[in-house]
Amino acid sequence: MKKLFFIFILFLSAFATAQSGKVSGLITDKDFDNESVAFASIQLKGTSLGAQSDMDGYYSIVAPAGTYTLVVTFVGMQTVEITDVKIVSGSITKVDVPMTAEAATLGTIEIIATKSRESQEALIQEKKNAVTIVQSIGAEELSQKGVSDAEGAVTKVSGISKQAGVKNVFVRGLGDRYNSTTLNGLPLPSDDPEYKNISLDFFGSDLLESVDINKVFTSGITGDNAGANINIDLKGLKGRSALEVGLSSGVNTQTIGEDFKGIDGEGFFGFSDADLPVNNLRLYSFENQLAPNVSSTSPNVGFSIAGGKRIDIGDNYLNVYGLLTFDNGYKFAERQVQNTTSNGTLYFDVEGEKYDYETSQIAMADLDYRFGKNNIEFISSYIHKNSQSFQEYEGVNNPEQEGDRVFVRRQQTNNNNLYVNQLLSHFELSDRIDLDVKASFNAIRGSEPDRRSFEYLLRDGFYSPNIDSGGNNQRYFSEVQENDYNGIANLKYNFNTSEEDERAHYITLGAEYRTTHHVFKATTFNHTFDTRIAVDINDTDAIYNQQSINAGNFRLETGRGSALNPNAFDPFYYIGDKTTIAGQVNYVKAFSDKFLINVGGRFENIDQEVEFNTNIARSSIDGVSTIKESFFLPSLGMKFNINEDNIIRLGASQTYMLPRFKEIAPFRYDGVQFSIQGNPDLEFSDIYNFDLAYEYYPTKGELISITGFYKNISNPVSRVEIPSAGSTLTYLNVGDNATVLGAEFEIRKNLFVREMPDTGLEIDRESKLAAGFNASYIYSKQDLEDPLAQFSEDSTELQGAAPILLNFDVNYNTFIGKSNVNAAVVFNYFSERVFSVGTRGFENIKEVGVPTLDLIGSIGVGKNGKFSLKAKNLLNPDIKLERDGSDNNVVLSNYKRGVDISLGYSYKF
């Protein structure tokens, strides 16, 4: 606490720096087909600030915010003076200058002010000017903190954390089902039927310009939301041309010296075959062996290339930009897994090893046509992500005889392909009317091909396949397909008639349409033994083959039955269809320079239907799961500027939470430790949200903020355990009410900024030490009242709601000669939180709090090169799940992730 107090005082006492922006552009020769002019002199008149255009004619000048006259000179050409060039803090003012011979006449020069959303300073300025409460993290900050994807980005924001074994994030204690994800403002499908939102680690940092976290609902955001809307903003072309190549390599320390066990049939690039290899249960025609592919561990590698060019089309232009990336990674962990009965007796206790391999490829193309103040942009992206997990465990599993032990081997691949196609447009119909029209078609094609899960019993001195159930010896194939269509149109009318009145006064009217078609199907192949047959666990393919079927050692059956069943190959499935039609209105008025109000309303009509035929139930018998509802969702925001640097904000809104397809589809999915299944009786939740924030902006790039929030949720949904079904988790509306109450504190401060001597290097240099700290306290309580669940307690915390969240980083930036040097220390911590709610005598399962420490560094090499070094998870803490106990907690799962070390090099041409 003394150290934190010292840091806090140091932040407050650090001195301020002047606000600055940038002017940049291209110098061309108008008389020679706009060829670039190298070595032209560009000065801000009346100052010592200036630059020289490079070999391609580009220049850039950093200067304090203000209005200047730009002077451009070159021998033999007419001197050009451009007045009223405004440089805005955190922004880039673009001034392209065509030059002519001494006697020629020069036309009008257009000055365009743009704001880069990559820089931290620009995003803080944007937050200050925003109508509502929003938090953003840009590409500059991602690089400084060594963030590799959008998931890592949002966990650096106050009130957001990640839970072990869960793909997506928790915002203010609210998990995946309470959040929403958009790309450039358009919805995205989920890559995993278990989740509502797409996994944020799909989007590598190479793609990201910024990530916005909207924790306060407004009418322009989907109403199926209570934690946050996370919007991913993709990079595009900056300037007239760009080309950058990057290479990286690294290792996880726990893989060093280990022989890596991989899955047969899966390759380096991870493109899996999802087709069923068996169409006759009397023939064992599986293509992949059960034995692992063993090799020495290779280093993790990464490659990226991104670039583009501006094409002039008369007075207009087309920006063309593209990106290709490849990444992979190897991980190894020793893991303990346990489980208990409701009275605390340990019945499942195994230890083993887990080998993980992940690979991803990204391709993106962006065409952005700009004409006047309008633009039409088409973005097409393909993202492929393949995860392979090979696990082996040895121990006891509910032994029937003294000395019984088991050996479990599980091999699982998740192969996902995401296709995103977006059409974005903006039109200024008049000085007072803007129109934004967006549309997208997204598709997910995912599979879990040939998951191999086999259990062997050691008894009487030899191993044999477990004969309790054919499901203990199983190969599993599943596919998910989702097509997602979206359309959004927003019309903005500005009531201001005077150009001198800069106070906001406008209304936005919008309409949205979204339809989603989701298909999930799965086929299981069970190997049923009637008697124990000895097997060498290092050569199990010797028993699982055609000869054993012919000899009658085992029967191959699907989840539908044996070869005698004509429908044996019909997959288990569920089909979900959802249509959302929405309309919204939002009115913003600044009554004075100090007070602004934002009033909105959103209407949504939802039609969701899930048809199913699974290993638990059939909709032809039990009925289709349907939700047909209409919602009117009001929102109110207020902003009061005490003065230029102090702001108070208020937000209030109503939203809802709709169960996703798999949560209401009664399909049971089996894991190593738990199984999970849907509940067709789930109901939607109504949610009321309140936020109050104070923000202080000492100077450029600095922020101190305190936010309080309150949420009331009716019919909250939580994941609960059903022990009677054999360590099975499901979803329930656990009670009538849940409450979330909390506070967030954030500070960003420059501890010092010092100009460095020029020494003839002709570049602006400074040393800067900056720090950031954010903390969240979250109190959550949900009533546990459902009598069918037989809860162990009357109330509990919300699943995934960590009471304490901390993020802290220190960043130092300086120069050695012309080489820029950057170093950062990044720390994160979340406290103990509920993993699942206990029922029928079972206590809650808790995830133990985890601290994380990363070191990030980079150094410029030459004019355009850069080396980067990352060391992540240096503390390497235990990742634990524990069940509450009256005396001592029982550890259900325990492993370490290892330290990730990587070295990268990038070059900008």
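In the predicted model, the residues lining the largest cavity divide into six nonpolar, four polar and four charged. The lining comprises 14 residues, and those nearest the centre of the cavity are Lys127, Gln135, Ser136, Glu746 and Arg748. Three elements each give two or more residues to this lining, namely α2 (120–129), β11 and β41 (737–755). The space in the largest cavity amounts to about 140 Å³. Rolling a probe the size of a water molecule over the atoms shows where empty space is left. A search of the whole structure returned nine cavities of 30 Å³ or more.

Strand β11, which contributes to the cavity lining, also belongs to an open sheet of five strands. The order of strands in this sheet is β11-β16-β17-β14-β15, and the pairing is mixed. Strands β11 (135–138) and β15 (186–187) stand at the edges, each with a single partner strand, so one side of each has no neighbour in the sheet. Within the sheet, strand β14 (residues 180–183) pairs with strand β17 (residues 229–234) in the parallel sense, over four bridges. In this pairing, Leu183 stands opposite Ile232 of β17.

A second region of interest is formed by strands β32, β33 and β34. Strand β32 (residues 595–613) pairs with β33 in the antiparallel sense over 16 bridges. Ile606 has Glu629 in β33 as its bridge partner. Strand β33 also pairs with β34, again in the antiparallel sense, over eight bridges. Strands β33 and β34 form a hairpin, with two residues between them. Phe640 stands opposite Ile648, a residue of β34.

Both Phe640 and Ile648 take part in a nonpolar surface patch of about 560 Å². The other residues that make the patch are Ile642, Leu650, Leu692, Tyr694 and Ile706. Of these, Leu650 lies in strand β34. The elements giving two or more residues to the nonpolar patch are β33 (625–643), β34 (646–657) and β37 (685–696). The two strands of the hairpin, β33 and β34, are thus both among the elements that contribute two or more residues to the patch.

Notes. Residues numbered from 1 in each chain as written. Predicted model: local features only at pLDDT ≥ 70, side-chain atom pairs only at ≥ 80, totals over all residues. Heavy atoms only, no water. Pairing = 2+ DSSP bridges. 1 Å grid on protein atoms, 1.4 Å probe; cavity = no way out; pocket = protein on both sides within 12 Å on 5 of 7 lines; lining within 4 Å. Points joined across faces, edges and corners; volume = space filled by probe spheres on them. Nonpolar A, V, L, I, M, F, W, Y, C, P; charged D, E, K, R; others polar. Patch = residues over 30% accessible without salt bridge, like charges linked within 9 Å, V, L, I, M, F, W, Y side chains within 5 Å. Areas by Shrake-Rupley, 256 points an atom, 1.4 Å probe, with all protein chains shown as cover. Salt bridge = Lys/Arg side-chain N within 4 Å of Asp/Glu carboxyl O.
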